[in-house]
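Thanks, everyone. I would like to take a few minutes to walk through one model, and I suggest we keep it on the screen while I talk.

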Amino acid sequence: MTSINIGALIETARQAAGLSQRALAEAAGISQPTLSRIISGDRGAKLPEIVAISWATGYTVAQLTGAGTVADRVQCAARATNGSGMAQMRDALLHFLELDDYLDEQAIPATI
């Protein structure tokens, strides 16, 4: 498994957004030294921090964590037994997974 350098991805997002570390830290509601440690890899980023950085930079949480798109991460789907078309089933599954991913990015927890 490939190790993802979230700090480097956050730094790329910061530069693309045209923000200084101080401006990004302020927009994300974290201290600049903490942001610096996250970017350098000296400290891991917590999910609420990643969500805040996502909002501030316009990047998705998936882009900041290197998770890729939902469609990229889906490896298998159900088999049709009632004559439904596989393409339609895949589209419906991806729709629900994209919705779930969006809710995760917005830090909206799943309810049981």
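Let me begin with serine 54, which, leaving aside residues up to four places away in sequence, touches Tyr59, Thr60, Val61 and Leu64. Please keep in mind throughout that this is a predicted model. Serine 54 lies in helix H4, and because its relative accessibility is 10%, where the cut-off for buried is under 20%, serine 54 counts as buried.

Staying with H4, which spans residues 47-57, we can look at how this helix packs against helix H2, residues 21-28: the angle is about 115°, and the axes are 8 Å apart. The crossing of H2 and H4 is right-handed. On the H2 side the contact is made by Leu24, Ala27 and Ala28, and on the H4 side by Ala52, Ile53, Ala56 and Thr57. What is the character of the residues in this contact of H2 with H4, in terms of nonpolar, polar and charged? They divide into 6 nonpolar and 1 polar, with no charged residue among them.

That brings me to helix H3, residues 32-40, in which the buried residues are Thr34, Leu35, Ile38 and Ile39. These residues lie on the same side of H3, because they cover an arc of only 135° around the axis. As for what covers the buried residues of H3, the cover includes helix H1, residues 6-17, together with H2 and H4. Finally, if you follow the chain past H3, you come to glycine 41, whose phi is positive, near 90°.

Technical notes. Residues numbered from 1 in each chain as written. Predicted model: local features only at pLDDT ≥ 70, side-chain atom pairs only at ≥ 80, totals over all residues. Heavy atoms only, no water. Axes fitted to C-alpha atoms, helices over the stretch in contact; angles between N-to-C directions. Helix = DSSP H or I, 4+ residues; strand = E, 2+ residues; numbered from the N terminus. Left-handed = near helix turned anticlockwise from the far one by under 90°. Contact = heavy atoms within 4.5 Å. Nonpolar A, V, L, I, M, F, W, Y, C, P; charged D, E, K, R; others polar. Buried < 20%, exposed > 50% of the residue type's maximum accessible area, 1.4 Å probe, protein only. Arc of directions from axis to C-beta.
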